[in-house]
Amino acid sequence: MLLSVLVTGLAIGALYASTALAFNVMYSTSKVLSVATGHLCMLGGVFGAYFIQTLGLPIIVGFVGALMVGVIAGYLMELITVRRIINRSDEHLWLLSTLALATMIQQSVALWWGTEPRPFPRVIPQEFGAGMADQKYWLPVVALIVIAIGLELFYRLTMYGKVFIAVSEDAFAARARGVPTNRIRAASYMIAGLIGALAGFAAGQLTFAYFALGHVLTLMGFIAIAVGGLGSNLGAVVGGLLLGVLSSLVSYWFGGEYQNTIAIGVLIIILIVRPEGLFGSKRVRHV
Amino acid sequence: MRAKLARRSVLGLSLMLGASFIAPAWADDAKPIRIGWLSSLTGPLSSAAIAENIGVQFAVDEINAAGGIDGRKLELVTRDTMGDPTKAVNFAQQLAFNEKVDFVIGPVNSGESLAATPILARAGIPQIVIGTVDELTNPKLYPRAFRAIATNSQWVKGANDYVLDKLKLNKIAIIGDTTGYGTATVKQAEAMLKERGVTPVYSVLIDANKADLTDEIGKAKAAGAEVIMTWSAATGLLGRILNTRGEMGWDVPVVGHPALMGTPIRDLLNKPEYWDNTYASGYASMTIDENGKFPERTQQLMDAVKPKLGGKIDFTFWWIALGYDAVKILEHAIKKAGSTDPAAVQKALEETQGLELVYTTYSWGPDDRNGFPDEDIVINLANTFTDGGFKKAPHQ
C-alpha cells in the first residue's frame, strides 16, 4: 500500500513541480510571482475536457486546443496584469493585479463550466483497473519530464533561451543592448501558459476538470519553488515532487486533516533554516 | 364669512386627519407580503439553490395567480449570497433592516445559515430554515426559525439504521471530508453508532480535492470493513471513492450522504457499474414505488413544473419541492395567524401538526423547530435516478 502512496505522491507532486516551473519561467523575465499560475493548469484541464469530451474533437486536436488556450491566457496575463504595472511601479502591485485576474478566471470558468468537477477523458486507450500502471499516475510525470528537459534545452541551445537568461540576470542591461524586453517577457508568459496547460491536461484524469483547482495549485507551486529555491528549475522539480510525496505520506500516516498544515509547516521550517531554498543561490548585496 | 371659512378648514382638516388614520389600515391590507430569499444562485454551491429557486418562484407565482394570501400579493426579494457566509450576513441585515421583509427563506447552505440565522433572530423575523446542520434551530435562541428540511442527524440515523438493521452489517468504515461539515458529521456518525454499541473499524477525513484514494480505501479494506459510510457533499471525493472501490474489485456497499445519488456523480465514474450497491439517505416523497409511481402530491408538482423545465427533470426533485414547500409553509402560517405579525406567525407554526405538503408532512411544536418527521427518511438506491427521484433500497 505504501507503494501506491508513493506513486500517487509522485503523480500529484509532478503537477506541483510543473506549476513551479511555470512560476519560474515567468519570474525569470519579470520578477513576478503570478497568483494566476495555477489557473493556467486549471484551464488546460477544463479546456481539454471541453474540447474532447463535450465537443467530441479528436484527442490530439483537443490537446493542441488546450495548449493554445494556455498560451493565450499566458499572453493576456502578461499584457493585462504585468506589463503596465512593472513598467510604472516598483511596488509589488502585481500581487493585486494577478490575484484579480486569478479570481476573474476562476469565476468565469465557474459560470461557464459549472461548479461541479467533471470527468476528463482517457488520453490513451487503456482499460480501467490497471492499478498503479494507470495512465492517470504516469502522464503527469511524463509531462514534467518533457517540460523540464524542454526548458533546459531551450535555455542552453536556443538564442531565445540565452536572451531569456540575459533578461533574467539584468533586464536594464539587456534593454540597453537592444533586447526587446517587453516581447521577451510576453514570450515567457506564453511559455508558462503552455507549461501550465500541458501539466493540467496531463493530470486531468487525476484532478478531474474542476474550476477551483487554480488557487490550490498556485499555493502548492509556490511552496515547491520556495522549498526548491526561487529561480532554480532543478529546485522546482525536487520541491514539487517532495511536496507531493510528503503530502501523500502525511495523509497516509496522520489523516487528511493534517495534510496541508504539515506541508505548509515544512515550508516555514525550510524558509527559516535555508531562506534561499534547497537549490537557490544566496543573494549577495554589493556595497 | 370668516367663521364659515374657519368651519370649512376645521372640517377639511378633520377629514384629512381621519383619512390619514384610515389610510394606513387600508394600505397595510393591500400592500404585498415581502419574502426575503437568501439563495446561493451563483458560486460553488449553486446547484441546489438554482433548483430550490425554481420551486420558490413557482409557489409565489401560483399563490399570486390565485389572488395572493387574503388578498395580499407575495413579493419575493431575492439576494444571491454566492455561497459566502459573509455575503449571507450582509444580505440578512439588508433584508431585515433596509428592505424590511416580513419573512426570510434560507440561506441555502448550512455554513451561511449559521452566520445569518442569529441576525434574523435578533430582528425578530420569522425564518424558514433549509439547512440541515442541527444547530440551526433552537426554540430559545432562534424562536422564529422553523426548519423545513430534514436534519443532518436524521440523514445519519437513517443511514446507520439501514446498515445495522437492514443490511445487518456492523464492521463500518466512515469517510468524511476535511470541511467543517465533514468533520462534524463524521464525529456525529461515530457518536450515533456508539449509542448502538458499534465502533467503526476505520474512520478517516480526506481533503475533498485529494486526487487518489487508494490508500484510504485500502486501509478500510484491510481493517475488515463490510460497508463504507460517506459523509461528504463533495462530488469529486464521492466519485473517487466509488471509482477506487470499483477498481479494487471490492464490492462492499457504500451508504451515506444524499450527494451519493446526485447526477454529477454518474459523469465521474470510470464505469457505470461502479455506482451499483450504493445507497443514500433520501425521502419518501421522492421515492418511486413498485409500480414506478411517485406519491400523488409529488407527481402533481412534477407535472406542473415540468413544462417550465423543458419537459425533463435532470436534477434531484426534492430541491424544487423544498423551495415550493418553504413558500407554502409561510402561506399556511399567515392564513392560520390571520396576519403577518411575527409573534402570531410563530404561534401558528408552533401549533402546526400534520401540514401535508409535497416534500413531507410537517409538524412543529413549542419546543420543536424541526418539521420533518423521522419516518419520511428513506434509503434510496443511488443509481436509479428517474425524473428527479429514486427507487427504494432493498430490505426496507
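Contact, as used in these legends, means heavy atoms within 4.5 Å. The structure shown is a predicted model.

**Figure 1. Overall make-up of chain B in the predicted model.** Among contacts in chain B with a separation of 6 or more, 67% are made by residues 24 or more positions apart. Chain B contains twelve helices and 15 strands. Its 396 residues include 56% that count as buried. Taken along the principal axes, the box filled by the C-alpha atoms of chain B is roughly 105 × 40 × 35 Å.

**Figure 2. The boundary between domain 1 and domain 2 of chain B.** Domain 1 of chain B is assigned to 32-150 + 298-374, and domain 2 to 153-290 + 379-391. The centres of these domains, taken over C-alpha atoms, are separated by 29 Å. Across the boundary, 19 residues of domain 1 of chain B are in contact with 13 residues of domain 2 of chain B. The two domains bury about 1,400 Å² between them, and 59% of that area is on carbon and sulfur atoms.

**Figure 3. Aromatic pairing around B:Tyr283 and B:Trp318.** Over all chains, a search of the whole structure finds 26 aromatic pairs. One of them is formed by B:Tyr283 and B:Trp318, whose ring centres lie 5.1 Å from each other with 65° between the planes, an edge-to-face arrangement. This pair links distant parts of the chain: B:Tyr283 belongs to strand E10 (residues 278-283) of chain B, while B:Trp318 belongs to helix H11 (residues 318-337) of chain B, and their positions lie 35 residues apart in the count along the sequence. B:Tyr283 is buried, its relative accessible area being 1%. B:Trp318 also counts as buried, at 9% relative accessibility. The ring of B:Trp318 has a further partner in B:Trp319; the centres are 5.9 Å apart and the planes stand at 55°, so this pair is tilted.

**Figure 4. An aromatic cluster in chain A.** A:Phe47, A:Tyr50, A:Phe51, A:Trp112 and A:Trp113 together make up one aromatic cluster.

**Figure 5. A:Lys31 and the ring of A:Tyr27.** A:Lys31 is placed in the loop between helix H1 (2-30) and helix H2 (37-54) of chain A. Although A:Lys31 is not a glycine, its phi is positive, at about 60°. A:Lys31 lies over the face of A:Tyr27, and the distance to the ring centre is 5.2 Å. With a relative accessible area of 38%, A:Lys31 is partly exposed.

**Figure 6. A charge over a ring between chain B and chain A.** The ring of A:Tyr252 has the charged end of B:Lys219 over it, 4.1 Å from the ring centre.

**Figure 7. The cis peptide bond at B:Pro107 and the surroundings of B:Ser110.** B:Gly106 and B:Pro107 are joined by a cis peptide bond, with omega about 0°. B:Pro107 is found in the loop between strand E3 (103-105) and H4 of chain B. B:Ser110 lies in that helix, H4 (residues 110-123) of chain B. The relative accessible area of B:Ser110 is 15%, and the residue is therefore buried, since buried means under 20%. From its side chain, B:Ser110 reaches the backbone nitrogen of B:Thr132 at 3.2 Å. When neighbours within four places in sequence are left aside, B:Ser110 is in contact with B:Gly131, B:Thr132, B:Val133 and B:Leu136.

**Figure 8. The environment of A:Gly228.** A:Gly228 lies in helix H10 (residues 213-228) of chain A. A:Gly228 has a relative accessible area of 0% and is buried. Apart from neighbours within four places in sequence, the residues in contact with A:Gly228 are A:Gly235, A:Gly239, A:Gly277, A:Leu278, A:Phe279 and A:Gly280. A:Ala20 is 208 residues from A:Gly228 in sequence, and their C-alpha atoms are 9.3 Å apart in space.

**Figure 9. Backbone geometry at B:Asp387.** B:Asp387 occupies a place in the loop between strand E14 (377-381) and strand E15 (390-391) of chain B. The phi of B:Asp387 is near 50°, a positive value in a residue other than glycine. B:Asp387 is partly exposed, with 27% relative accessible area.

Terms used
Residues numbered from 1 in each chain as written. Chains lettered and ligands numbered in written order. Predicted model: local features only at pLDDT ≥ 70, side-chain atom pairs only at ≥ 80, totals over all residues. Heavy atoms only, no water. Phe/Tyr/Trp six-rings, centres within 6.5 Å; stacked < 30°, edge-to-face > 60°. Helix = DSSP H or I, 4+ residues; strand = E, 2+ residues; numbered from the N terminus. Buried < 20%, exposed > 50% of the residue type's maximum accessible area, 1.4 Å probe, protein only. Lys NZ or Arg CZ within 6 Å of the ring centre and 35° of its normal. Polar contact = N/O pair within 3.5 Å; in protein donor to acceptor, adjacent residues only side chain to side chain. Domains from an automatic or database assignment. Buried area = accessible area lost by both parts, 1.4 Å probe.
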